[in-house]
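Colleague: Could you take me closely through a single part of this model, one strand and the partners it pairs with? I would like a connected account rather than a list.

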Amino acid sequence: MNCCLLLPYMLGIPLLLPCLIATENSKTEEVKHPAGSHLRVRRGWMWNQFFVPEEMNKTRHHIGQLRSDLDNGNNSFQYKLLGAGAGSIFVIDERTGDIYAVQKLDREERSLYTLRAQVIDTTTGRAMEPESEFVIRVSDINDNEPKFLDEPYEAIVPEMSPEGTFVIQVTASDADDPSSGNNARLLYSLRQGQPYFSIEPTTGVIRISSKMDRELQDEYWVIIQAKDMIGLPGALSGTTSVLIKLSDVNDNKPIFKDSLYRLTVSESASVGMSIGKIMAYDNDIGENAEMDYSIEDDSKTFDVITNNETQEGIIILKKKVDFEHQNHYRIRAKVKNRRVDEQLRKYHTEASTTVIKIQVEDVEEPPVFLLPYYIFEIFEGSPYGSFVGTVSATDPDQRKSPIRYSITRSKVFSIDDNGTVFTTNSLDREISAWYNLSVTATEKYSIQQSSAVPVYVQVLDINDHAPEFPEYYETYVCENAVSGQGLFF
């Protein structure tokens with residue numbers, strides 16, 4: 001005969017368990033009779049599976065019943081249970097064949113037990129049925145919460161990424177039986193991270209749902225929850241956190257900190273010297289913040305170079321400046337990023353500019369002669385105090401200090417405060433035809449400021465000597481010389 005037991009509902013899930021009294025269903029088996037003859041007998045049972053819920057708190061939980069249809073109820077049959085777990089986890093009522101679980105079972109530790117059964121006639125001690133195997137399966141209950149096994153999660157995504165951009169996929173695992181209802185069917189939800197992120201409920205894929213600017217916030221903590229039983233009442237849940245960092249894109253152009261810079265340069269500064277710095281700032285980082293400076297200078301007096309480490313613009317002197325010629329300059333500087341992707345050009349359409357005003361500082365300079373050298377002429381024999389020529393030097397500084405002149409180590413010439421050179425002794429061309437002089441100009445109010453210029457004086461000849469024979473001559477003439485005849489020396 002066939003029978004079945006309907007176990008109580010476990011968490012709303014009914015379990016239908018067979019009683020394990022099974023007929024042969026027209027199956028026969030040849031069994032050797034004790035007297036030696038062979039008889040064709042009908043087999044009295046056919047094994048089916050038993051089910052027992054895990055985590056049962058009862059100390060003795062009825063699973064099902066083993067019976068042979070040869071058992072006529074006269075208490076002469078004895079049922080025995082053999083195999084792993086028999087006697088310790090599972091016990092059998094030897095008279096009725098009822099099977100009980102005497103320990104709490106955990107499907108996640110072991111989900112299946114294979115046992116063997118015997119039925120013996122106690123009057124003869126012989127087996128009434130061949131020994132046979134049957135299976136007890138531990139049925140699942142929802143006793144395991146989802147767990148995220150790959151923690152910690154961290155992802156990097158470019159700032160300003162469009163909606164729907166993939167960020168990362170998180171995956172939770174549930175130790176419950178995926179084939180048992182919805183115990184291991186998970187749904188993901190976002191507990192923290194809106195409105196910038198969203199998650200696909202069934203896949204755990206996190207996507208961007210709103211554009212983000214790294215310069216406002218560069219990282220986000222997102223909390224994800226996974227619920228089993230597809231979120232139905234009684235579901236268990238687990239959470240994990242995801243650190244999402246925004247990588248930089250070049251969406252900011254460099255901008256000058258100041259709209260006006262004031263610099264100074266000494267007129268004594270040499271070409272190539274740094275006279276000051278300008279600085280632009282860029283909210284981007286790394287290569288996206290690298291910049292180049294340029295200047296607009298009609299005078300071509302200044303230039304700018306970029307310090308690649310500090311990203312400062314260094315203003316350098318391209319050619320000498322002269323306070324007396326031009327004492328101030330006004331130039332304009334521009335700055336732009338060194339590298340800009342084509343799709344980000346819209347953020348860099350107009351370069352940032354600033355004005356640089358440069359003041360030239362006056363440096364006290366020595367007097368400057370109007371000529372690099374002077375050449376004068378005077379006739380020999382000119383009287384004492386005769387005019388020779390005039391030199392002229394000026395103070396190039398703004399205050400225009402008066403100039404004093406002097407001639408170095410000369411007993412023949414002198415010079416007055418007007419730069420006029422005159423004689424102090426007679427000149428004789430036949431003694432010296434040229435004089436090389438050095439005239440020094442010194443500022444009256446700053447005697448340490450002086451300069452010198454060469455002066456060349458040529459003594460011109462006058463007819464101040466009668467002709468002279470270089471030696472005494474004696475002449476001879478013959479006594480008979482005629483008129484016109486030459487003389488002998």
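Modeller: What follows is a walk around one strand and its pairings, with a short look afterwards at a charged patch on the surface. Please keep in mind throughout that this is a predicted model. The strand I have chosen is β10, residues 112-121, and I will take its partners in the order of their numbering.

Strand β7, which covers residues 77-82, runs antiparallel to β10 and is joined to it by six bridges; within this pairing, F77 has D121 of β10 as its bridge partner. Strand β11, made up of residues 126-127, is also antiparallel to β10, and here two bridges make the connection, with I120 partnered by A127 of β11. β10 and β11 form a hairpin with four residues between the strands, and in that hairpin G125 adopts a positive phi near 75 degrees. Strand β12, residues 132-139, pairs with β10 over six bridges, again in the antiparallel sense, and in this pairing Y113 lies opposite I136 of β12. As background for reading such pairings, side chains in a regular strand alternate between the two faces of the sheet.

Turning to the surface, R262, R330, R332 and K357 come together there as a patch of positive charge. One of these residues, R332, sits in strand β28, which spans residues 328-337. R332 is classed as partly exposed because its relative accessibility is 31%, a class that lies between buried, under 20%, and exposed, over 50%.

Key:
Residues are numbered from 1 along each chain as its sequence is written. This is a predicted model: local features need pLDDT of at least 70, side-chain atom pairs count only at pLDDT 80 or more; totals for chains, interfaces and linings use all residues. Side-chain values use heavy atoms; hydrogens and water are left out. Patches are made of residues with over 30% relative accessible area and no salt bridge: like charges are joined within 9 Å, nonpolar side chains (Val, Leu, Ile, Met, Phe, Trp, Tyr) within 5 Å. Accessible areas come from the Shrake-Rupley method with a 1.4 Å probe; for residues, only the protein chains shown count as cover. A salt bridge is a side-chain nitrogen of Lys or Arg within 4 Å of a carboxyl oxygen of Asp or Glu. Lys and Arg count as positive and Asp and Glu as negative; His and the chain ends are not counted. The place of a charge is taken as NZ of Lys, CZ of Arg, CG of Asp or CD of Glu. Buried means under 20% relative accessible area, exposed over 50%, partly exposed in between (1.4 Å probe, protein chains only). Two strands pair if DSSP finds at least two bridges between them.
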